[in-house]
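Work through the exercises below with the structure open. Each task is followed by its solution in steps.

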Amino acid sequence: MDSIKKLTIIRHTSVAIEKGLIYGRTDVPLSDTFQFEAKIIRNKLNSDFDKIYTSPSKRCVELSNLLWPKFPKTEDERIMELNFGTWEGKNWNDIDQTSEANYWFNDFINQPCPKGESYADLLNRVESFIHSIQQSPYKNIAIVCHGGSIRAFLSIINQRSPKEVFDQKINFGEVISLEISKSKTYEQFAAK
């Protein structure tokens, strides 16, 4: 019989940054409401996990350490946010009229940010992560990561195009439950 793995995917809590800041790989401070938001997340978690993964980004590590202070966690770079390259730390308003930005906005799936990644790169990373957890012995897995990474999970596991899930709002602190099968093949859903 095929074994089902339950994934509980959690987006990190809100961050204390100026509106419009580009911070995919940049470590940014958590907001003053971090403890309150973490308590809300904790109340949504009703399972004992046998494995916990977190993005190495400070905002994810801090949340996972607060939620499971004594449980060992595995940091995995494959579930990090999109690398925005030279745009990291800039404001969208400062770059959105540039030719590089226009090129990226027209094909963000295949076009990498300057010295960064495309969304296809992020999909490839998450797809690799999914394949590795399929082969693991763990059945009930918690994952603390980012909005972009969560959209990649939704695209791959639910077989939805990246463009479909890109417009889906994923709030800070959102908890999403998904299931994967050990034997099912999950591949990127081709963007059309």
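**Exercise 1: a helix pair**

In this predicted model, α5 and α6 pass each other in a right-handed crossing. Find the residues that make the contact, and sort them by character.

Step 1. On the α5 side, the contact residues are Tyr119, Leu122, Leu123, Val126, Glu127, Phe129 and Ile130.
Step 2. On the α6 side, they are Gly148, Ser149, Arg151, Ala152, Phe153, Ser155, Ile156 and Ile157.
Step 3. Sorted by character, the residues of this contact comprise 10 nonpolar, 3 polar and 2 charged.

**Exercise 2: the crossing angle**

State how α5 is oriented relative to α6, and explain why.

Step 1. The two axes, of α5 and α6, come within 9 Å and cross at roughly 70°.
Step 2. Angles of 65 to 115 degrees count as roughly perpendicular, so α5 is roughly perpendicular to α6.

**Exercise 3: the sheet and its helices**

Give the strand order of the sheet, then place both helices on it.

Step 1. The sheet is open, has 5 strands in the order β3-β2-β4-β1-β5, and shows mixed pairing.
Step 2. Its edge strands, each paired on one side only, are β3 (74-75) and β5 (175-181).
Step 3. β1 (residues 4-11) runs parallel to β4 (residues 140-145), with 6 bridges between them; Arg11 has Cys145 in β4 as its bridge partner.
Step 4. Helix α5 (residues 119-134) packs on the sheet and touches β1, β2 (51-54), β4 and β5. The direction of α5 makes about 60° with that of β5.
Step 5. Helix α6 (residues 147-157) also packs on the sheet, touching β1, β4 and β5. The direction of α6 makes about 35° with that of β5.

Technical notes. Residues numbered from 1 in each chain as written. Predicted model: local features only at pLDDT ≥ 70, side-chain atom pairs only at ≥ 80, totals over all residues. Heavy atoms only, no water. Pairing = 2+ DSSP bridges. Helix = DSSP H or I, 4+ residues; strand = E, 2+ residues; numbered from the N terminus. Contact = heavy atoms within 4.5 Å. Axes fitted to C-alpha atoms, helices over the stretch in contact; angles between N-to-C directions. Parallel < 35°, antiparallel > 145°, perpendicular 65-115°, else oblique. Left-handed = near helix turned anticlockwise from the far one by under 90°. Nonpolar A, V, L, I, M, F, W, Y, C, P; charged D, E, K, R; others polar.
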